[in-house]
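I'm opening a fresh page for this one. The plan is to look up a few things and jot them down as I go.

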Amino acid sequence: GPVLPGSQVYEARVSPNLLTTWSGCRCKIGWEPPQGKAPCGSRDNGYCCNPNGDSAGPWCNTVEPCRGEGWDHCEPRRVGMSLDVRAPNGPLLASGHLLGDFTLES
């Protein structure tokens with residue numbers, strides 16, 4: 001990787017995003033399941049669940065349109081993390097997105 005000058009201090013900030021679907025969209029918090037089905041989305045599963053027994057697996061309604069639809073398949077707690085690196089009081093040097101299994105802390 002890149003070598004950072006030893007005399008500089010860099011700040012790295014990692015912040016959790018909403019759960020990310022297989023197409024990279026964000027699950028909507030508190031979305032309503034199909035009529036007649038019990039709500040199953042919660043903070044523990046990242047609002048990704050399977051209220052109607054979809055054979056393809058868990059899904060969620062999304063914040064933005066996803067693949068031209070308002071929903072997408074997902075994996076519970078597949079949480080995206082944003083990573084920003086900058087010099088103190090300086091410009092943003094790098095920005096990225098990490099995917100992984102993270103525990104959501106309240």
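**Salt bridges and the overall layout**

I started with a charged pair: Asp 72 and Arg 67 form a salt bridge, with their closest N and O atoms 2.9 Å apart. Keep in mind that I'm working from a predicted model here.

Next I checked how covered the two partners are. Asp 72 is buried, at just 3% relative accessibility, because the cut-off for buried is under 20%. Arg 67 comes out at 47%, so I noted that residue as partly exposed.

Note to self on the background: side chains of opposite charge can pair when their charged atoms come close.

How many salt bridges does the structure hold? I found two. The other entry I wrote down is Glu 64 with Arg 26, whose side chains meet at 3.0 Å, N to O. This pair links distant parts of the chain, 38 residues apart. Glu 64 sits in strand β2, residues 59–66, while Arg 26 lies in the loop between β1 (11–19) and β2. I looked up their exposure too: Glu 64 has a relative accessible area of 25% and is partly exposed, and Arg 26 is also partly exposed, at 36%.

Then I stepped back to the whole chain. I get five strands and zero helices, so to speak a plain β-β-β-β-β when read along the sequence. Of the 106 residues, 26% are buried. For contacts with a separation of 6 or more, 51% are between residues 24 or more positions apart.

Last entry: the accessible surface is about 6,900 Å², and carbon and sulfur atoms own 51% of that surface.

Note on methods
Residues numbered from 1 in each chain as written. Predicted model: local features only at pLDDT ≥ 70, side-chain atom pairs only at ≥ 80, totals over all residues. Heavy atoms only, no water. Helix = DSSP H or I, 4+ residues; strand = E, 2+ residues; numbered from the N terminus. Buried < 20%, exposed > 50% of the residue type's maximum accessible area, 1.4 Å probe, protein only. Contact = heavy atoms within 4.5 Å. Areas by Shrake-Rupley, 256 points an atom, 1.4 Å probe, with all protein chains shown as cover. Salt bridge = Lys/Arg side-chain N within 4 Å of Asp/Glu carboxyl O.
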